[in-house]
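Visitor: I have a two-chain model open on my screen and would like to talk it through with you. Could we start with the place where the chains touch?

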Amino acid sequence: MTSIARIFARRILQAIPLLFVVITINFVIIHMAPGDPTYTLLGESATPEFVQAMRARFGLDQPLYLQYFYYVSRVIQGDLGFSLLRSQSVSSLILERLPATLILIFTAMAISTSVGIFLGVTASRKPYSASDNIATAAALFGVSTPIFWLGQLFLILFAIYAGLLPTSGMRDLRAQFTGFDLVLDVARHLILPAITLAAFHLGFITRLTRASMLEVLGQDYMTTARSKGLDERAVVYKHGLRNALLPVTTYVGLSMGLLFGGAILTETVFSWPGMGTLLYDSLRLRDYPALLGIFIFISVMVIIADLVVDILYGVLDPRIRSS
Amino acid sequence: MHRQRVATTQETEALRQINSFWRQYRKNRAAVIGFFILAGICVIALAAPLITWYPPLRTNVADPFMPPTPSHPFGTDDLGRDLYSTAMYGTRTSLAIGLLAAGISALIGILVGAISGYYGGKADDLLMRTSEVFLVIPTFLLALIIVAMFGATIQNTIFAIAIVSWPRTARLLRAQFLSIKETDFVEAARVVGSRNMDIMFNEILPSAIFPVIVNASLEVATAILTEAGLSFLGVGDPNVPSWGIMLNNAQSYLRTAWWMAAFPGLMLLLTCLSLNLVGDGLNDYFNPRLKER
């Protein structure tokens with residue numbers, strides 16, 4: 001087996017227990033929460049007869065360890081339950097909303113990573129200069145600002161008062177755009193939510209890049225590169241940044257959980273039709289199966305993203321591959 | 001008489017330490033600003049009844065959607081509630097939840113980190129694997145689910161935030177324990193037959209605690225933002241003044257009443273910003289090496 005395949009296999013084996021833990025947490029929450037778990041799963045509007053039938057069907061009249069077994073096997077097969085309130089399976093509800101959330105998250109990630117790395121490198125080249133202080137201050141505001149409030153401010157300033165951008169949704173429902181016009185329309189709707197979601201991470205990525213660059217810039221191979229007479233920009237970007245990027249890559253990979261959390265809040269502000277608004281509506285409707293399903297689904301996505309980043313990391317960094 | 005003299009020497013010693021701390025701390029000007037903002041916010045929390053003239057959350061249907069005026073500095077909301085009072089009292093809620101959640105989380109983290117780092121082996125494996133789970137899964141979502149399922153009360157919110165945030169402290173402290181437990185003074189304590197508990201909490205912990213203290217100020221900020229996020233999504237106790245709930249309410253009226261969103265958010269920003277600045281200052285104090293770079 002090649003070393004990459006071995007890393008791959010080992011990491012997948014490590015991810016499986018994590019999935020079980022997530023499912024178990026869900027099971028524990030369902031059974032520890034006040035009230036009958038059957039109602040929790042079916043929603044408070046369920047009739048007694050229906051509850052009785054469902055109890056038998058889902059094995060809720062069985063001993064707890066069997067229930068756990070049934071629950072785990074159902075979830076593993078992709079059955080996240082049924083939302084009675086919406087007469088739809090939870091997984092189909094989620095899959096309908098998934099593309100919108102992914103578009104938002106990946107756009108935000110692209111913005112925060114590219115701008116954050118640029119700001120971090122700029123700041124590190126002249127530590128404690130004006131540009132460094134501005135970048136550091138911006139980073140600090142980024143991590144201290146409640147993301148949903150930032151979204152509200154953007155909405156008030158740029159959508160309501162300036163009227164430059166749409167206030168909510170993913171596309172203009174009155175104008176039936178198709179083709180490239182539709183892409184442009186979605187992009188216009190995407191600008192504010194994506195910048196909002198990116199702002200928080202921008203701060204982290206800037207600070208991390210700056211710290212990592214400062215560490216790298218002091219290394220001997222940087223002096224070597226300079227003494228070879230290379231252009232300063234080539235030294236910083238080719239020799240410095242490439243080595244400084246490793247911790248940044250790790251952070252970006254590990255931040256998927258944070259991004260989803262942020263996406264929930266951002267989508268709520270901008271009525272972006274993704275999983276966040278689905279979650280918000282489910283909270284208001286007390287649609288517990290949907291809530292719990294979203295939690296499992298997002299956890300699985302995050303675990304997979306983490307896995308992929310880890311494997312990529314092993315492929316990219318020869319030191320890790322060999323160890 | 002003698003006892004009194006001892007007390008005085010201890011007092012001067014404490015004063016001397018505070019002085020030396022402040023001399024180092026004030027070198028970071030941003031941290032000093034952060035300290036004063038934070039002090040101001042604490043004063044607001046304590047003095048809320050003295051600096052407001054309407055009871056928080058009292059509705060007054062005669063005056064809805066009033067823009068900021070001298071009598072309503074932050075304006076009023078859809079139910080005519082004075083947003084200034086509610087925001088000032090909200091300081092209490094945010095600080096209380098932030099401090100309690102971060103405090104409980106720190107206690108759990110210290111206990112887990114100490115046991116993990118000191119004993120190692122199977123206990124360490126189990127505890128660290130558990131903490132990894134919380135580092136990977138979306139913790140904001142988990143806290144949200146816990147509060148939604150168990151009921152939107154302050155206690156549940158504090159509990160949920162503490163439950164999802166202890167692993168950072170645990171891992172920090174564990175790393176400290178791992179390096180300190182090999183030092184000579186710990187070995188000496190072991191040789192003279194000190195009990196494990198004594199060694200862990202009286203010998204190692206005092207030298208290992210500094211990163212945890214720095215982290216704690218950031219954890220308070222995170223807890224406050226998490227609480228605000230939960231309340232913003234409607235998972236908060238509506239009978240308690242809270243910035244998150246105010247922002248949730250503001251969401252429906254962004255077109256008509258910008259002030260409903262502007263002021264509670266500003267309070268949140270100032271609070272978290274000051275905590276982050278103070279955290280930076282403490283970090284400079286405990287790790288002067290980093291500052292020199």
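Visitor: How many residues does each chain put into the contact?

Guide: In this predicted model, the contact takes 37 residues from chain A and 36 residues from chain B.

Visitor: And which elements of chain B are on the side that touches chain A?

Guide: The elements of chain B that give two or more residues to that side are α4 (121–136), α5 (139–150), α9 (210–232), α10 (243–251) and α11 (258–286). Of the elements of chain B, α5(B) gives the most to the side that touches chain A, with 9 residues.

Visitor: What is that side made of, by class?

Guide: The side of chain B that touches chain A has 27 nonpolar residues, along with 7 polar and 2 charged ones.

Visitor: Stepping back a bit, how many helices and strands are there in chain B?

Guide: Chain B has 12 helices and 0 strands, and its C-alpha trace spans about 75 × 50 × 45 Å along its principal axes. Of the 293 residues in chain B, 45% are buried, and among its contacts between residues at least 6 apart in sequence, 71% join residues at least 24 apart.

Visitor: What about chain A, how many helices and strands there?

Guide: Chain A has 14 helices and 2 strands. Its C-alpha trace spans about 80 × 60 × 40 Å along the principal axes, and buried residues make up 39% of its 323 residues. For contacts in chain A between residues at least 6 apart in sequence, the share that joins residues at least 24 apart is 71%.

Visitor: Let me pick a helix in chain A. Where does α10(A) bend?

Guide: The bend in α10(A) is at A:L241 and amounts to about 50°.

Visitor: What span should that helix have, and what does the model give?

Guide: Helix α10 of chain A covers residues 232–254, so at 1.5 Å a residue its 23 residues should span 33 Å, and the end C-alpha atoms are 32 Å apart, which agrees.

Visitor: Which of its residues are buried, and what do they pack against?

Guide: The buried residues of α10(A) are A:V235, A:V236, A:H239, A:G240, A:A244, A:V248, A:Y251 and A:V252. These buried residues pack against α5 (90–125), α8 and α9 (220–227) of chain A.

Visitor: You mentioned α8. At what angle does it cross α11 in chain A?

Guide: The axes of α8(A), residues 179–217, and α11(A), residues 256–270, cross at roughly 145° and come within 10 Å. The crossing of α8(A) and α11(A) is right-handed.

Visitor: Which residues meet there?

Guide: From α8(A) there are A:L192, A:P193, A:T196, A:L197 and A:F200, and these meet A:G262, A:A263, A:T266 and A:F270 in α11(A). By class, this contact of α8(A) with α11(A) has 6 nonpolar, 3 polar and no charged residues.

Visitor: Is α11(A) mostly covered or mostly open?

Guide: It is mostly covered, with 14 of the 15 residues of α11(A) buried. From its first C-alpha to its last, α11(A) reaches 20 Å, close to the 21 Å expected at 1.5 Å a residue. The helix α11(A) is followed by A:S271, which has a positive phi near 45°.

Visitor: Positive phi caught my eye at A:S87 too; what is the value there, and where does that residue lie?

Guide: Phi of A:S87 is near 45°, a positive value in a residue other than glycine. A:S87 lies in the loop of chain A between β1 (82–83) and β2 (88–89). A:S87 counts as exposed because it has 7 other C-beta atoms within 10 Å, and 12 or fewer is the cut-off for that class.

Visitor: And what is phi at A:R286?

Guide: Phi of A:R286 is near 55°, again positive in a residue other than glycine, and A:R286 lies in the loop between α12 (275–285) and α13 (288–316) of chain A. With 15 other C-beta atoms within 10 Å, A:R286 is partly exposed.

Visitor: One last spot: where is A:T167 found, and which residues is it in contact with?

Guide: A:T167 is found in the loop between α7 (147–161) and α8 of chain A. Leaving aside neighbours within four places in sequence, A:T167 is in contact with A:L155, A:A159 and A:I160. The C-alpha atoms of A:T167 and A:V269 are separated by 9.3 Å, although these residues are 102 residues apart along the chain. A:T167 counts as partly exposed, with 17 C-beta neighbours inside 10 Å.

Note on methods:
Residues are numbered from 1 along each chain as its sequence is written. Chains are lettered from A and ligands numbered from 1 in the order in which they are written. This is a predicted model: local features need pLDDT of at least 70, side-chain atom pairs count only at pLDDT 80 or more; totals for chains, interfaces and linings use all residues. Axes are lines fitted to C-alpha atoms, for helices over the stretch in contact, and angles run from 0 to 180 degrees between N-to-C directions. Helices (H or I, at least four residues) and strands (E, at least two) are DSSP runs, numbered from the N terminus. A crossing is left-handed if the near helix is turned anticlockwise from the far one by less than a right angle, and right-handed if clockwise. Two residues are in contact if their C-beta atoms, placed from the backbone, lie within 7 Å. Ala, Val, Leu, Ile, Met, Phe, Trp, Tyr, Cys and Pro count as nonpolar, Asp, Glu, Lys and Arg as charged, and the others, Gly among them, as polar. The expected span of a helix is 1.5 Å times one less than its number of residues. The bend at a residue is the angle between axes fitted to the seven residues ending there and the seven starting there. A residue is buried if 20 or more other C-beta atoms lie within 10 Å of its own, exposed if 12 or fewer, and partly exposed in between; C-beta atoms are placed from the backbone.
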